[in-house]
Protein chains: 2
Amino acid sequence: MSLKYAILGFLTLEPMSGYRLKKEFFDKSVRNFWPADQAQIYRTLYKLEQEKWISSALIPQANKPDQKRYSISELGQTELRSWLVKPIGHTTERNPFLLQLYFARHLSQAELLSLLQERLKNHRARLEIFEMVDLQPLAVNEVMKEQIRFGGYTLDFGLRYERMQIEWLEDVIEDIK
Amino acid sequence: MSLKYAILGFLTLEPMSGYRLKKEFFDKSVRNFWPADQAQIYRTLYKLEQEKWISSALIPQANKPDQKRYSISELGQTELRSWLVKPIGHTTERNPFLLQLYFARHLSQAELLSLLQERLKNHRARLEIFEMVDLQPLAVNEVMKEQIRFGGYTLDFGLRYERMQIEWLEDVIEDIK
DNA sequence: AACTTATATATGATTTGTCATATATGACAA
DNA sequence: TTGTCATATATGACAAATCATATATAAGTT
């Protein structure tokens, strides 16, 4: 279960609440390769605390509801490191679009082309968004500067993946016509 | 739930048992983008029959245990078609390796390089396997010939995806060194 | 006779992920 | 004062996926 380690990873930056974890971290930096549901984050935080990989402190706040601020423990840091050094084997990425295309002999040429062209449009839009991302403003300190280095690699992966899918779709469309 | 539609799709080729569905179809053609567990296939077949999208017949066999042979119903064909024409929106592909890389600032350069190089080796091996695949022998009739056309597109996707990941890994390794 | 392999179906238990909803504080606007 | 928004945590219900195990037939092997 990778979500546990993602949470541990973010908590090495600084102690924070589940709410902030979700809003500022999961919904920003890793949402394109590890989205996380709010309910799942809270339940995983609970489990992590039970395992003593993290600990929590109730922080009263002015003008806002109380916050449960989580910190990574030494045990948690050890567990994070041992996950980080262990190679992750091949994991099949489920792709419902490929499944749809696989059975597309039941579609007319027009229906199929419409499907492919809509898909192509969406990938072009996603590529444009990725191309506009600028990570540099996030480099507020040394740790974040290092962090952005790796965020940059994952962003580069996303850019290449979108370009690959665009080229592939263009060629499939060409072949079908 | 795409598994339902994958099963329906295969049953348009010919009526068959859950066992054959698993061994000859899921474990071959679509395993790289839609793997399916045996338990899940059997339970989904049960649900599909309850919904009347498929029907079953008990076939006694010589030298083998009885077979429960499923056929797609007219309702099932209608449902398959309506799934096929409906565009599949963006689905985030969870990638635990990108997550690991994202938090790799906790690793030494040597540890990280070893991780990346092993990953690169695996992708090169997968590419080699994909490059050796020949779909032509499966073209035993007109329907399979059409089917292989689409199988070819999904295989091409796999080839390009592996090549993309190899290039990306090479560049990341270069950058880290 | 005991063991292994292939064929064939089924269920229990658990994990992981998603969706909806509930509760509460306090700021700000209509 | 009513409603909305942002902050903040939590749980119920369910779907999807995985892992382990059970049962049975029959061929072939040791």
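A:R124 is partly exposed, because 14 other C-beta atoms lie within 10 Å of its own. For that label, buried means 20 or more other C-beta atoms within 10 Å, exposed means 12 or fewer, and partly exposed is in between, with C-beta atoms placed from the backbone. You'll find A:R124 in helix α6 (residues 109-132) of chain A. Helices here are DSSP runs of H or I with at least four residues, strands are runs of E with at least two, and both are numbered from the N terminus. A:R124 and A:R163 are 39 residues apart in sequence, yet their C-alpha atoms are 8.1 Å apart in space.

Before going on, some ground rules. This is a predicted model, in which local features need pLDDT of at least 70 and side-chain atom pairs count only at pLDDT 80 or more, while totals for chains, interfaces and linings use all residues. Residues are numbered from 1 along each chain as its sequence is written, and chains are lettered from A and ligands numbered from 1 in the order in which they are written.

## Two copies, one axis

How do chains A and B relate? A turn of 180 degrees and a shift of 0.0 Å along the axis lay chain B on chain A with an RMSD of 0.0 Å. The two copies are therefore related as by a two-fold rotation axis. The superposition is by least squares on the C-alpha atoms of residues with pLDDT of at least 70 in both copies. In chain B, the residue that comes closest to the rotation axis is B:E93, with its C-alpha at 3.0 Å. Both copies use the same surface, as 100% of the contact residues of chain B recur in chain A.

How many residues does each chain put into the contact? Chain B gives 50 residues and chain A gives 50 residues. Being in contact means that the C-beta atoms of two residues, placed from the backbone, lie within 7 Å. On the chain B side, α1 (2-11), α4 (74-85), α5 (96-102), α6 (109-132) and α7 (142-176) each supply at least two residues. The most come from α7(B), with 13 residues. Sorted by class, that side of chain B has 27 nonpolar, 14 polar and nine charged residues. In this sorting, Ala, Val, Leu, Ile, Met, Phe, Trp, Tyr, Cys and Pro are nonpolar, Asp, Glu, Lys and Arg are charged, and the others, Gly among them, are polar.

For a single residue in this meeting of chains, try A:F150, which sits in helix α7 (residues 142-176) of chain A. A:F150 is buried, because 21 other C-beta atoms lie within 10 Å. Not counting residues up to four places away in sequence, A:F150 touches B:L101, B:Y102, B:A104 and B:R105.

## Around the DNA

Here are the surfaces by the two DNA strands, where near means that a residue's C-beta atom, placed from the backbone, lies within 6 Å of the strand.

| DNA strand | Residues around it | Closest residues |
|---|---|---|
| C | 23 residues | A:M1, A:A39, B:Y19, B:A39 and B:K68 |
| D | 23 residues | A:Y19, A:A39, A:K68, B:M1 and B:A39 |

Near strand D, α2 (18-26), α3 (38-50) and β2 (64-72) of chain A and α3 (38-50) of chain B each supply at least two residues. Near strand C, the elements that each supply at least two residues are α3 of chain A together with α2 (18-26), α3 and β2 (64-72) of chain B. The surface near strand C has nine nonpolar, seven polar and seven charged residues.

## Cores and a hairpin

Now for the inside. A nonpolar core is a set of buried Ala, Val, Leu, Ile, Met, Phe, Trp, Tyr and Cys residues joined through C-beta atoms within 7 Å. The largest core has 39 residues, and A:A6 and A:I7 touch the most other members. Helix α1 (residues 2-11) of chain A brings the largest share of this core, seven residues. Beyond its neighbours within four places in sequence, A:I7 is in contact with A:L21, A:T44, A:L45 and A:L48. Another core lies apart from this one, with 38 residues, including A:L99, A:F103, B:F25 and B:F26.

Strand β1 (residues 54-61) of chain A runs antiparallel to β2(A), and seven bridges join the two. Strands pair if DSSP finds at least two bridges between them. Across this pairing, A:A57 has A:R69 in β2(A) as its bridge partner. The two strands form a hairpin with two residues between them. A:N63 lies in the loop between β1 and β2 of chain A and has a positive phi of about 70 degrees although it is not a glycine. A:N63 counts as exposed, because it has 4 C-beta neighbours inside 10 Å.
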